[in-house]
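Colleague: Could you take me through one part of this protein up close, the spot that the database record marks as the active site? I'm new to this, so please start with the big picture and then zoom in.

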Amino acid sequence: MPRFAANLSMMFTEVPFLDRFDAAAQAGFTAVEFLFPYEHPVEAVSERLKRNGLTQALFNLPPGDWNAGEKGFAALPSRFNDLKASLETALPYARATGVKRLHLMAGIANRGERLAIEAFYKSVAWAAEFFAAHGIDIVLEPINPRNVPGYFLNDFGFARDLIQELRLPNLKLQFDIYHCQIIHGDVTMGLREMMPIIGHIQVASIPSRNEPDGEELNYPFLFEELDRLGYAGFVGCEYNPRGKTTDGLAWFKPYAGVKS
Ligand SMILES: O=C(O)[C@@H](O)C(=O)CO
Ligand SMILES: [Mg+2]
């Protein structure tokens, strides 16, 4: 049975960020993920996790100025020093939360440009080697161009090839089923093919990005498929609830309380 992680950047937004840990635990989640913890003191984040007996499944490395439209800078040749600094910023949060995987964002850049590709390979290798020493995986997530126009990493095949080429044991794929369906379709075959390199999975309905309970994909089938494929990682619930978060958890009832 999949182990679900509540995404606290999108779920439980009825309450302030730190209170979402309590809300997720009360709803039966045993793990959480979120985009960025950096506005909050590291001690406060780890205290909420511990108080609620939650596992931190994932968070993202600093993306640069998110409100100004930055989405990371791993593929931006001129931002390598920022990339290196961002790893140091994330490290105390990683240590305090015990997280085992961090998402490195590529940034807005043209995948047709050689310099952007070279910068991405260099940044990915640097980040993976930096965190290998701490027993932490780096995960790369292809993102669909409708949600983030111009995002460098917008193709699952490109991400797979890079991961296989670099052959770094702690470099994995973040397979967001919502993005895969929008970019390529054929989600089940994608999961079967890429399972050996998948380090994290996320879900939402398509096209609304609401609860994973209908619309374009048959999630009960996909959740059983993850079991058939022996997936032992987390499934992040990265969706915008249609209404109150707890009102939309009928799909989650069979999985509530599954231990991390
Ligand atoms: O799918 C997404 O949007 C997220 O997983 C993310 O990390 C970047 O926004
Ligand atoms: Mg995602």
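Modeller: Happy to! Keep in mind that this is a predicted model. Let's begin with overall size: for 260 residues, a compact globule would have a radius of gyration near 18 Å, and the protein comes out at 17 Å, so the two agree. If you lay a box along the principal axes, the C-alpha trace spans about 45 × 40 × 35 Å. Inside that box you'll find 8 helices and 8 strands. Buried residues account for 43% of the 260 residues. The chain also brings distant parts of its sequence together: take the contacts between residues at least 6 apart in sequence, and 76% of them join residues at least 24 apart.

The UniProt record, which is an unreviewed entry here, puts a feature called "domain: Xylose isomerase-like TIM barrel" at residues 21–254. That span is 38% helix and 14% strand, and its end C-alpha atoms lie 20 Å apart.

Now for the part you asked about. Under "active site", the unreviewed UniProt entry lists E141 and E238. They are spread over 98 residues of sequence, yet they cluster in space, with a largest C-alpha distance of 13.0 Å.

Let's visit E141 to begin with. You'll find E141 in the loop between β5 (137–140) and α5 (156–166). Is E141 buried or exposed? Count its C-beta neighbours inside 10 Å and you get 22, so E141 counts as buried; the cut-off for that label is 20 or more. Setting aside residues up to four places away in sequence, E141 touches H103, Q174 and D176.

Next comes E238, which sits in the segment after β8 (234–237). E238 has 25 C-beta neighbours inside 10 Å, so this residue counts as buried too. And which residues does E238 contact, once its neighbours within four places in sequence are left aside? They are N7, M10, D176, Q202, V203 and A204. Look for D176 in both contact lists: D176 touches E141, and D176 is also in contact with E238. If you want to see how the two listed positions are linked in the model, click on D176 and follow its contacts to E141 and to E238.

For contrast, swing over to some exposed spots. D161 lies in helix α5, the helix that closes off the E141 loop. With 11 C-beta neighbours inside 10 Å, D161 counts as exposed. D161 and M195 are 34 residues apart in sequence, and their C-alpha atoms are 14 Å apart in space. E88, in helix α3, has 10 C-beta neighbours inside 10 Å and so counts as exposed as well. From E88 to Y178 you cover 90 residues of sequence and 30 Å of space, C-alpha to C-alpha.

Since we've landed on α3, have a look at how it packs. Helix α2 (residues 42–51) and helix α3 (residues 80–97) pack with their axes 9 Å apart, at an angle of about 25°. Angles under 35 degrees count as roughly parallel, so that is the label for α2 and α3. Their crossing is right-handed. Where they meet, α2 supplies V42, V45, S46 and L49, while α3 supplies P92, Y93, A96 and T97.

Before you close the viewer, go back to β7 (198–203) and the loop that runs from there to α8 (219–228), where P207 has its place. A cis peptide bond joins I206 and P207, with omega at about 10°. E215 is in that β7 to α8 loop as well. Although E215 is not a glycine, its phi is positive, at about 60°. E215 has 16 C-beta neighbours inside 10 Å and so counts as partly exposed.

D186 has a positive phi too, about 55°, and it isn't a glycine either. Look for D186 in the loop between α6 (177–183) and α7 (187–194). With 12 C-beta neighbours inside 10 Å, D186 counts as exposed.

To come back to your spot: the record's active-site entries are E141 and E238, E141 is buried, E238 is buried, and the pair cluster in space.

Note on methods
Residues numbered from 1 in each chain as written. Chains lettered and ligands numbered in written order. Predicted model: local features only at pLDDT ≥ 70, side-chain atom pairs only at ≥ 80, totals over all residues. Helix = DSSP H or I, 4+ residues; strand = E, 2+ residues; numbered from the N terminus. Rg over C-alpha atoms; globule rule 2.2 N^0.38 Å. Contact = placed C-beta atoms within 7 Å. UniProt positions renumbered as here; feature names shortened; annotations may be inferred. Axes fitted to C-alpha atoms, helices over the stretch in contact; angles between N-to-C directions. Parallel < 35°, antiparallel > 145°, perpendicular 65-115°, else oblique. Left-handed = near helix turned anticlockwise from the far one by under 90°.
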